[in-house]
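Trainee: Please take a close look at one part of this model, the way its pieces are set against one another. I would like the geometry and the residues involved.

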Amino acid sequence: MIYTLNLLFDHVYHINFKRHKDLWTTFYRSQEFYESPVFMNRAFYLCEHQNWYSSKHGQFSYSNDYHAFNVDGNHIAQALTCAPDWCKYDEQMLDVMSQIPEFFDPLKNFYLIGTSDENNENNSFLLHELAHGLYFSNEDYRNEINCLIMSEIPKDVRYNIWNYLKESGYNEERIWDEFQAYITTGFENDEKEKLIKPYEIALIKTFKKYVKDIII
Ligand SMILES: [Zn+2]
């Protein structure tokens with residue numbers, strides 16, 4: 001596995017792999033433990049998840065469906081600890097964790113965002129993950145952006161986007177986080193991008209204010 005690991009800002013690390021395969025296999029268990037609508041916060045066999053995912057999508061297209069990843073250290077620790085079918089993917093994540101000091105301190109948490117050279121056009125996926133990192137680590141940003149979502153975006157538009165994200169497979173507990181990340185860094189879905197366009201200015205301005213000191 002070839003990768004670089006850097007501290008981006010307060011307790012938010014960025015790992016960038018050369019190959020997409022190394023990225024998704026490293027994050028796979030932890031990411032699903034963190035936010036899967038079915039497997040969140042529970043021990044699961046990877047084959048169990050693969051069967052569920054395949055029946056939902058017609059095939060196991062996970063590696064094509066996810067371009068970048070985001071998860072916090074506590075969830076990584078729990079996912080690895082309760083893995084009933086420990087495998088080389090878990091070894092990969094443990095290898096990465098061995099380089100993050102906070103992982104071994106139960107009183108500290110951190111956030112890890114992951115991208116790959118093979119799949120990160122114009123840093124767009126990294127920016128999306130950066131918005132998650134900010135939302136996790138910076139209470140001021142989180143409060144400000146949550147207020148703007150409520151004050152700037154009409155209820156029917158909020159409802160429309162919220163449902164779209166839920167149908168896309170996001171766990172309800174993570175939807176507001178996804179909501180802000182997509183609005184501030186762009187939707188892949190053109191129709192949703194058009195819908196949100198008239199209301200996004202203040203949110204993007206706030207996002208830019210917070211990322212201006214972060215060098216990526
Ligand atoms: Zn996201």
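Mentor: Domain bounds here come from an automatic or database domain assignment. The model is predicted, and its chain is divided into domain 1 (3–121) and domain 2 (138–211). The C-alpha centres of the two domains lie 24 Å apart. Counting residues as in contact when their C-beta atoms, placed from the backbone, lie within 7 Å, 4 residues of domain 1 touch 4 residues of domain 2. On the domain 1 side, those residues comprise 2 nonpolar, 1 polar and 1 charged.

The helix pairs give a more detailed picture, and helix 9 (residues 175–185) is a useful place to begin. Its axis comes within 10 Å of that of helix 8 (residues 155–167), and the two cross at roughly 110 degrees. Angles of 65 to 115 degrees count as roughly perpendicular, so helix 8 is roughly perpendicular to helix 9. The crossing of this pair is right-handed. Helix 8 contributes I161, W162, L165 and K166 to the contact, and helix 9 contributes I175, E178 and F179. By class, that contact holds 5 nonpolar, no polar and 2 charged residues. Lys and Glu count as charged, so the charged ones are K166 of helix 8 and E178 of helix 9.

Helix 9 also meets helix 6 (residues 124–137), with the axes within 9 Å and a crossing angle of roughly 135 degrees. Roughly antiparallel needs an angle over 145 degrees, and roughly perpendicular one of 65 to 115; helix 6 and helix 9 are therefore oblique to each other. This crossing, too, is right-handed. From helix 6 come L127, H128, A131, H132 and Y135, and from helix 9 come D177, Q180, A181, T184 and T185. Divided by class, the contact has 4 nonpolar, 5 polar and 1 charged residues. Asp counts as charged, so the charged residue is D177 of helix 9.

Now to another pair. Helix 1 (residues 20–35) and helix 4 (residues 73–81) have axes that come within 9 Å and cross at roughly 110 degrees. Helix 1 is thus roughly perpendicular to helix 4. The two pass in a right-handed crossing. R29, S30, F33 and Y34 of helix 1 make the contact with H75, I76, Q78 and A79 of helix 4. The classes here are 4 nonpolar, 3 polar and 1 charged. Arg counts as charged, so the charged residue is R29 of helix 1.

Finally, a check on helix 2 (residues 46–57). At 1.5 Å a residue, its 12 residues should span 16 Å, and its end C-alpha atoms are 16 Å apart, which agrees. Just after helix 2 comes G58, whose phi is positive, about 85 degrees.

Note on methods: Residues numbered from 1 in each chain as written. Predicted model: local features only at pLDDT ≥ 70, side-chain atom pairs only at ≥ 80, totals over all residues. Helix = DSSP H or I, 4+ residues; strand = E, 2+ residues; numbered from the N terminus. Expected span 1.5 Å × (residues − 1). Contact = placed C-beta atoms within 7 Å. Axes fitted to C-alpha atoms, helices over the stretch in contact; angles between N-to-C directions. Parallel < 35°, antiparallel > 145°, perpendicular 65-115°, else oblique. Left-handed = near helix turned anticlockwise from the far one by under 90°.
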